[in-house]
Number of protein chains: 2
Amino acid sequence: MKGAIGIDLGGTHIVFSVINPIGKQITTMTLPTQAHKGGKHVLRNILTGIEQLIRKTPIPKKQIIGIGLGTPGAVDRQGTLIGGAQNLPGWEGTNIYRPVQNKFNLRIVASNDATIAALGEARFGAGKGKTNVVMITLGTGIGGGIVINNKVYRGTHDMAGEVGHMTIIMHGRRCSCGKKGCFETYASATGIVRTAQDFIAAYPKYNSSLLLNKLKSGESLSSRLIYFCAAEGDSLSLRITEQTAEYLGIGIGNLLNILSPDIFIIGGGVTNAGDFLLKPARRYIKANTWNMIFNRTKVVFAKLGDQAGVVGAATLAFDTFN
Amino acid sequence: MKGAIGIDLGGTHIVFSVINPIGKQITTMTLPTQAHKGGKHVLRNILTGIEQLIRKTPIPKKQIIGIGLGTPGAVDRQGTLIGGAQNLPGWEGTNIYRPVQNKFNLRIVASNDATIAALGEARFGAGKGKTNVVMITLGTGIGGGIVINNKVYRGTHDMAGEVGHMTIIMHGRRCSCGKKGCFETYASATGIVRTAQDFIAAYPKYNSSLLLNKLKSGESLSSRLIYFCAAEGDSLSLRITEQTAEYLGIGIGNLLNILSPDIFIIGGGVTNAGDFLLKPARRYIKANTWNMIFNRTKVVFAKLGDQAGVVGAATLAFDTFN
């Protein structure tokens with residue numbers, strides 16, 4: 001049986017997995033990223049991980065057709081990080097392909113992590129059997145990936161799917177990218193906290209609220225806490241989640257209008273809110289999507305959880321080298 | 001020499017052309033659409049046009065590999081108009097493929113007109129030699145087309161590229177599609193007129209303005225008049241064009257963030273405003289695009305003018321049947 005190595009490089013951990021052609025993870029292991037030690041050290045950890053994985057897995061090395069790697073940022077054709085990986089200092093400018101090829105004599109392909117996660121979900125997760133798939137990952141920021149005719153669309157410079165920086169509010173919130181009004185300043189986990197801060201500041205002082213009580217008792221403001229309080233019926237939290245759903249509806253609606261895929265997948269930690277997120281979001285997606293498209297497009301949650309990245313990475317290796 | 005027939009079905013005219021594999025129009029003719037006479041009559045005019053074109057052109061019929069047709073709205077795999085062609089009453093529900101195949105024994109493929117125009121511009125116009133191309137057409141509304149890996153991307157239901165209905169202003173202007181805040185209510189030829197109406201209503205009564213004088217003397221408010229007055233230095237008109245450029249920058253920026261193409265093409269009648277449109281628009285595109293993408297993407301005007309549709313239609317026939 002053939003296999004491909006998938007690698008998902010995150011800010012805190014690197015996941016390595018040997019995966020077979022039908023998306024099954026044969027051998028999986030994790031190493032810390034140690035991002036604070038700099039780009040060279042991260043690369044060394046990647047090489048160490050590949051070495052250990054090849055030693056561990058029952059798939060013989062000559063059956064491994066290549067390596068796929070998902071990383072924050074964008075990667076050029078020669079395998080060099082060309083930017084956009086703020087949480088990995090010193091990672092920009094690193095060439096990934098050469099050291100891997102030299103050390104293991106294996107072919108490697110790398111791309112943006114959200115793009116690669118979309119490929120994983122499209123092929124083996126919520127988008128299985130679908131031709132055109134768009135996925136967004138709601139985390140600290142918002143990443144996006146586009147699969148067209150069953151193939152990942154990376155854009156000319158591996159930068160397609162930067163949906164988190166779509167402007168949804170003119171003259172809106174300042175984003176870390178330097179722009180204003182970016183989708184991710186409203187609908188990510190940090191976006192909902194910013195919305196909560198606005199709502200709390202405007203909330204009548206004499207009104208009580210479960211959320212405010214929790215904050216007073218020392219809990220910190222997070223998307224998780226807001227959805228917990230909303231589930232308990234707290235009206236302040238419900239208004240915050242409703243507003244967040246509207247922002248989410250604008251961003252998703254825009255993507256549907258532009259790309260009209262078979263299926264739209266929402267992934268990332270924020271989806272733990274479940275129906276509390278998806279139900280109101282659906283109303284606002286409808287309000288922001290051309291009705292001919294809305295009526296024909298499924299919007300669902302991701303299925304592979306935090307394994308979408310590593311599965312997608314191996315899938316990209318199969319697609320590229322098979 | 002081989003040829004393909006391109007047909008561009010518009011609200012008032014139908015353009016027919018035999019085109020060779022390098023995009024040259026060998027024989028071109030035009031018939032009125034007669035949209036008010038209903039869908040069946042429009043179809044009859046298309047059949048008549050094909051018949052006349054085949055008779056006129058020096059390319060022998062057996063050298064014609066097929067027919068491509070661009071139409072308002074969306075077309076399903078069987079060649080039936082499934083909607084979105086408001087300016088052609090009774091056209092929805094019409095099957096185009098069967099009567100054409102029966103009458104001429106030629107294969108035919110049809111798709112949305114803006115999608116097809118983008119293919120024409122990508123292959124033989126402003127996008128020549130580029131792999132990934134996005135185009136918008138600024139007219140009464142805003143249409144869009146996406147070319148990925150040199151092939152037109154139609155979306156799952158021929159509805160990709162409905163960029164005119166992207167929401168750029170939350171709770172914004174009411175659109176004829178039923179949504180609010182659609183890109184085309186702000187940046188199309190009718191959008192700029194709506195913006196002008198807002199600015200005129202808020203303009204101090206005692207101030208003079210070339211635009212207001214023209215309107216008082218009986219000229220009607222149009223994008224053309226506004227750009228004319230702006231070119232004359234009229235400050236009211238300059239403010240209207242500046243605001244329109246900002247709206248345009250949001251929509252185009254969003255498309256660049258999502259699709260990161262090699263080149264972005266702006267077409268349609270509004271581009272006659274030339275640098276008066278493009279110069280301020282560029283500033284706002286920059287303000288609304290992730291800088292890594294903006295620095296790598298060209299934004300240019302279309303080159304084929306009103307022939308993009310017919311050239312694109314023949315190109316789709318070559319791509320589909322060759």
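Okay, let's start with the symmetry: chain A lands on chain B after a rotation of 180 degrees with 0.0 Å of shift along the axis, at an RMSD of 0.0 Å (a least-squares fit on the C-alpha atoms of residues with pLDDT of at least 70 in both copies). The two copies are thus related as by a two-fold rotation axis. The same surface serves both copies, too, as 100% of the contact residues of chain A recur in chain B; contact here requires C-beta atoms, placed from the backbone, within 7 Å.

A quick word on ground rules. This is a predicted model, where local features need pLDDT of at least 70 and side-chain atom pairs count only at pLDDT 80 or more, while totals for chains, interfaces and linings use all residues. Residues are numbered from 1 along each chain as its sequence is written, and chains are lettered from A and ligands numbered from 1 in the order written.

Back to the contact: chain A puts in 40 residues and chain B puts in 40 residues. On the chain A side, α8 (235-259) and α10 (291-294) each supply at least two residues, and α8(A) has the largest share, with 7 residues. Helices are DSSP runs of H or I, at least four residues long, and strands are E runs of at least two, numbered from the N terminus.

Now, inside chain A, the assignment gives domain 1 (3-125 + 306-321) and domain 2 (133-303); those bounds come from an automatic or database domain assignment. Their C-alpha centres lie 28 Å apart. In chain A, 17 residues of domain 1 are in contact with 19 residues of domain 2. On the domain 1 side, α3(A) gives the most, with 8 residues.

Notes:
Two residues are in contact if their C-beta atoms, placed from the backbone, lie within 7 Å.
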